[in-house]
Amino acid sequence: MQKNSLRKRDLYLKRMIAFQDTEMIKVMTGIRRCGKSSLMKLMAEHLRESGVADDQIIEMNFESMSIPEMDARGFYEYVKARICPDKRTYLFFDEVQKIPGWENAVNSFRVDFDCDIYITGSNAYLLSSELSTYLSGRYVEIKVLPLSFREFLDFHGYTLTERKSPAGGVRKRIMDADGEAYDPKELFDAYTRFGGMPMLADIGLEIGRVTAALDGVYSAAVINDILEREKRKGERTITDALLLRKIIMFLADNIGNNTSATSIGNTLVNEGLLEDGKRKTRPAVQTIQAYIKALTEAYFFYEIKRFDIKGKEYLRTLGKYYIVDIGLRNYLLGFREGDSGHILENIIFFELMRRGYDVAIGKIDNQEVDFIATKTDEKKYIQVTETMNAPETRERELAPLRKIRDSYEKIVIALECDLTQTQDGIKIIRALDFLLSRNSYTK
């Protein structure tokens with residue numbers, strides 16, 4: 001089994017290198033175990049290969065017991081004693097939020113020393129107003145996600161090759177290290193079952209090992225980045241571990257569905273999900289909102305807002321939530337069959353994020369467009385569906401896109417599709433072609 005500790009993730013490494021030796025502090029954010037620490041090591045390795053000496057690189061992982069306990073002043077003095085006096089020093093701080101008042105120290109490094117700073121954190125509290133105040137906009141966030149499908153193949157030892165088909169187009173083949181060929185759909189099924197957490201490449205795709213590994217991710221995210229976070233903030237709003245678990249289960253079971261704090265509270269009460277011998281009252285809407293905010297700040301779930309295409313404004317009603325990794329969803333709900341439409345939607349949402357798009361739900365009249373994906377000079381309207389083979393399904397997916405009158409690209413991404421063609425200016429694309437395309441690695 002190949003180890004993945006320093007396997008390249010060019011999508012993120014290129015973004016880090018693009019900001020190398022600039023004043024901007026590079027902040028890598030994402031859920032626990034998604035690969036941020038490995039990216040720090042990859043960047044340090046890149047520097048060494050570029051001629052940077054070892055004494056110019058300071059690496060500190062605050063989850064390691066090899067780093068002594070310290071406050072902000074101790075942190076500053078520790079780094080100051082190791083700074084190269086006559087050369088640029090590269091500072092790598094992993095899970096730096098564990099140091100109380102770390103923002104003061106990091107800002108002082110930026111002001112006092114000739115240095116290039118890289119930090120990671122597993123909670124959006126890292127990028128709170130306090131950090132913005134101290135660093136005055138002098139940081140760039142690099143959002144790290146679990147593996148894409150294409151990265152999943154690479155990490156697990158598969159090689160993707162492409163060649164022109166005699167009938168036109170491009171034919172893709174996936175081979176393992178022994179030269180055995182695999183159907184892309186077979187490997188996609190593994191991806192939708194086990195997910196894209198990088199550490200799975202080290203332990204193998206065996207259900208017992210995967211479950212144990214994902215349990216560790218869940219515990220680290222919930223305990224360290226949600227329950228313990230509140231103690232650091234001093235707010236202590238997330239105190240009910242049972243309620244938090246029930247909300248996590250609800251959101252995991254309802255990815256891609258319109259959701260509100262009120263609907264969550266109603267469902268938890270109506271279905272008796274809060275009856276544990278202690279709780280009898282409905283949780284307040286504000287309480288559920290606080291718990292959902294904590295889950296999104298821990299990068300466990302991502303919220304997507306609704307956008308009125310005709311009115312050209314965001315709506316406050318009924319957003320949707322997607323879970324950061326399908327493997328985590330299966331760990332929570334059980335490795336079960338079904339719901340493949342919403343699973344595909346979840347995967348496409350995060351693939352669009354990897355490609356650098358801002359993503360919203362589209363509303364046009366009383367119909368919905370799954371995603372509006374926008375960049376500075378680009379916009380795409382995207383429908384995602386399990387199949388486009390049935391005439392009624394085809395019409396349902398195309399109808400809202402036909403209503404949109406502007407000239408931006410309109411696409412349907414389908415897992416099963418006998419015919420990929422353009423209808424009324426709308427492209428129909430197979431999901432596996434989309435996920436395996438080289439655009440997976442564009443900025």
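Which strands does helix 2 (residues 36–49) lie across? In this predicted model, helix 2 lies across strand 1, strand 2, strand 3 and strand 4. Helix 2 runs at about 170° to strand 3.

## The sheet

Five strands form an open sheet with parallel pairing. Their order is 2-3-4-1-5. Strand 2 (57–61) and strand 5 (139–143) are the edge strands, and each pairs on one side only. From one strand to the next, the twist averages 15°.

Strand 3 covers residues 89–94 and strand 4 covers residues 115–121. Five bridges join this pair in the parallel sense. Phe 92 has Tyr 118, in strand 4, as its bridge partner.

## Helix 1 on the sheet

Helix 1 (residues 10–18) also packs on the sheet. Helix 1 touches strand 1 (25–29), strand 4 and strand 5. The direction of helix 1 makes about 175° with that of strand 5.

## Helix 10 against helix 11

Two packed helices are described by the angle between their axes and the distance between the axes. For helix 10 (residues 241–253) and helix 11 (residues 261–270), the angle is about 105° and the axes are 11 Å apart. Angles of 65 to 115 degrees count as roughly perpendicular, so helix 10 and helix 11 are roughly perpendicular to each other.

Helix 10 brings Leu 243, Lys 246, Ile 247, Phe 250 and Leu 251 to the contact. Helix 11 meets them with Ser 263, Ile 264, Thr 267 and Leu 268. By class, the residues of this contact divide into six nonpolar, two polar and one charged.

Conventions. Residues are numbered from 1 along each chain as its sequence is written. This is a predicted model: local features need pLDDT of at least 70, side-chain atom pairs count only at pLDDT 80 or more; totals for chains, interfaces and linings use all residues. Side-chain values use heavy atoms; hydrogens and water are left out. Two strands pair if DSSP finds at least two bridges between them. Helices (H or I, at least four residues) and strands (E, at least two) are DSSP runs, numbered from the N terminus. Axes are lines fitted to C-alpha atoms, for helices over the stretch in contact, and angles run from 0 to 180 degrees between N-to-C directions. Contact means heavy atoms within 4.5 Å. Angles under 35 degrees count as roughly parallel, over 145 as roughly antiparallel, 65 to 115 as roughly perpendicular and the rest as oblique. Ala, Val, Leu, Ile, Met, Phe, Trp, Tyr, Cys and Pro count as nonpolar, Asp, Glu, Lys and Arg as charged, and the others, Gly among them, as polar.
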